[in-house]
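This report looks at charged side-chain pairs and at the arrangement of strands in one model. The sequence and structure come next, followed by the discussion.

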Amino acid sequence: MTIVNESHHEEFILLGFADLPWLELPLFVILLITYPLALIGNIAIILVSKLDPHLHTPMYFFLTNLSFLDMCYTTSIVPQMLFNLGSSTKTISYIGCIIQLYIFHIMGGTECLLLAIMSFDRYVAICRPLHYTLIMNQRTCILLVSIMWMTGVIFAFSEATLTLQLPLCGVNKLDHLLCEIPVLIKTACGEKEANELALSVVCIFILAVPLCLILASYASIGHAVFKIKSSEGRKKAFGTCSSHLIVVSLFYGPAISMYLQPSSSITRDQPKFMALFYAVMTPTLNPFIYTLRNKDVKGALGNLVRNICKCK
């Protein structure tokens with residue numbers, strides 16, 4: 001199956017917020033601030049997780065993967081957004097659109113699965129503490145992450161490739177900030193019911209199923225925590241899980257409203273704001289959420305900064 005659509009133009013025009021031109025400058029400034037913060041924060045998480053021996057645990061192994069995903073996720077769209085917002089040219093080449101489409105959806109789908117794995121890790125740590133090291137050993141962690149990446153790539157690649165087969169009938173304007181599957185399906189002409197059905201099925205497996213696993217894990221965790229007699233023990237257990245719950249809410253909320261909500265109930269600008277939230281704001285906030293609410297990470301960051309200062 002060929003990936004290149006024969007009816008395509010050499011480039012797409014990304015309309016973005018063309019009907020709200022006053023929003024472009026504030027959005028440009030926000031992205032110019034949040035993008036470096038996202039990169040710095042996630043690189044810091046990866047460094048401290050690798051350099052500090054105390055953080056060589058399954059939880060931080062998964063957190064390192066999350067930070068890497070977030071960096072790739074936001075990098076796949078923000079530079080292009082900044083270029084378009086900062087110039088009168090609001091275009092992206094067809095090849096650029098294809099690359100963005102694959103990277104964006106591979107990273108997004110893989111992150112959905114990773115958040116489910118992280119919730120399972122917390123479930124085992126709190127509900128099966130005596131068996132934690134036996135269940136979440138290095139081999140299991142690597143296997144889970146390998147399956148996660150493979151599944152994310154397969155689902156995203158197949159759905160994106162299927163979407164690129166749709167005829168565009170000469171249309172080269174996308175009413176969005178980036179190349180995203182629902183927008184390309186909406187823009188395409190001809191029969192696209194099969195694509196819409198395929199997207200719904202993929203979203204059920206990538207979004208709904210992992211979310212159900214997360215909710216089931218935290219239901220069990222909540223039940224186990226309330227059985228803990230020590231208030232200090234309950235506080236520690238809630239503290240361990242609260243950061244992950246916040247991250248899950250920030251990512252899944254906008255993603256569900258975009259991919260599982262009926263298209264008839266989605267307003268024109270809603271996909272743009274949702275994409276900004278789960279692809280820009282969430283990767284920026286994640287490092288701060290895990291840092292501010294985690295004594296181990298704060299301590300490791302402090303040690304890293306002190307070591308850098310000593311070297312200078």
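## Salt bridges and a small sheet

Lys-272 and Asp-175 form a salt bridge in which the closest N and O atoms are 3D neighbours at a separation of 2.8 Å. This pair links distant parts of the chain, with Lys-272 placed in helix H10 (residues 270–292) and Asp-175 in the loop between S3 and helix H7 (181–187), 97 residues apart. Lys-272 is buried, with a relative accessible area of 0%, whereas Asp-175 is partly exposed, at 25%. The model is a predicted one, and side-chain atom pairs count in it only at pLDDT 80 or more.

In total, the structure holds three salt bridges, which are set out below with the distance between the closest N and O atoms.

| Basic residue | Acidic residue | Closest N and O atoms |
|---|---|---|
| Lys-272 | Asp-175 | 2.8 Å |
| Arg-122 | Asp-121 | 2.8 Å |
| Lys-90 | Glu-24 | 3.3 Å |

Lys-90 and Glu-24 form a salt bridge with 3.3 Å between the closest N and O atoms. Because Lys-90 belongs to the loop between helix H3 (78–85) and S2, while Glu-24 belongs to helix H1 (residues 24–51), the pair ties together parts that are 66 residues apart in sequence. Glu-24 has a relative accessible area of 18% and is therefore buried, the cut-off for that class being under 20%.

In the salt bridge between Asp-121 and Arg-122, how buried is each partner? Asp-121 is buried, with a relative accessible area of 1%, and Arg-122 is buried as well, with a value of 8%.

The strands form an open sheet of three, in the order S2-S1-S3 and with mixed pairing. Strand S2 (91–93) and strand S3 (173–174) stand at the edges and have a single partner strand each, so one side of each is left without a neighbour in the sheet. Strand S1 (residues 11–14) and S3 run parallel and are joined by two bridges; within this pairing, Ile-13 has Lys-173 of S3 as its bridge partner. Helix H4 (residues 94–127) lies across S1 and S2, and its direction makes an angle of about 85° with S2.

Two of the elements named here recur in both topics. S3, an edge strand of the sheet, also bounds the loop that holds Asp-175, and S2, likewise at an edge, bounds the loop that holds Lys-90.

Conventions: Residues are numbered from 1 along each chain as its sequence is written. This is a predicted model: local features need pLDDT of at least 70, side-chain atom pairs count only at pLDDT 80 or more; totals for chains, interfaces and linings use all residues. Side-chain values use heavy atoms; hydrogens and water are left out. Two strands pair if DSSP finds at least two bridges between them. Helices (H or I, at least four residues) and strands (E, at least two) are DSSP runs, numbered from the N terminus. Contact means heavy atoms within 4.5 Å. Axes are lines fitted to C-alpha atoms, for helices over the stretch in contact, and angles run from 0 to 180 degrees between N-to-C directions. A salt bridge is a side-chain nitrogen of Lys or Arg within 4 Å of a carboxyl oxygen of Asp or Glu. Buried means under 20% relative accessible area, exposed over 50%, partly exposed in between (1.4 Å probe, protein chains only).
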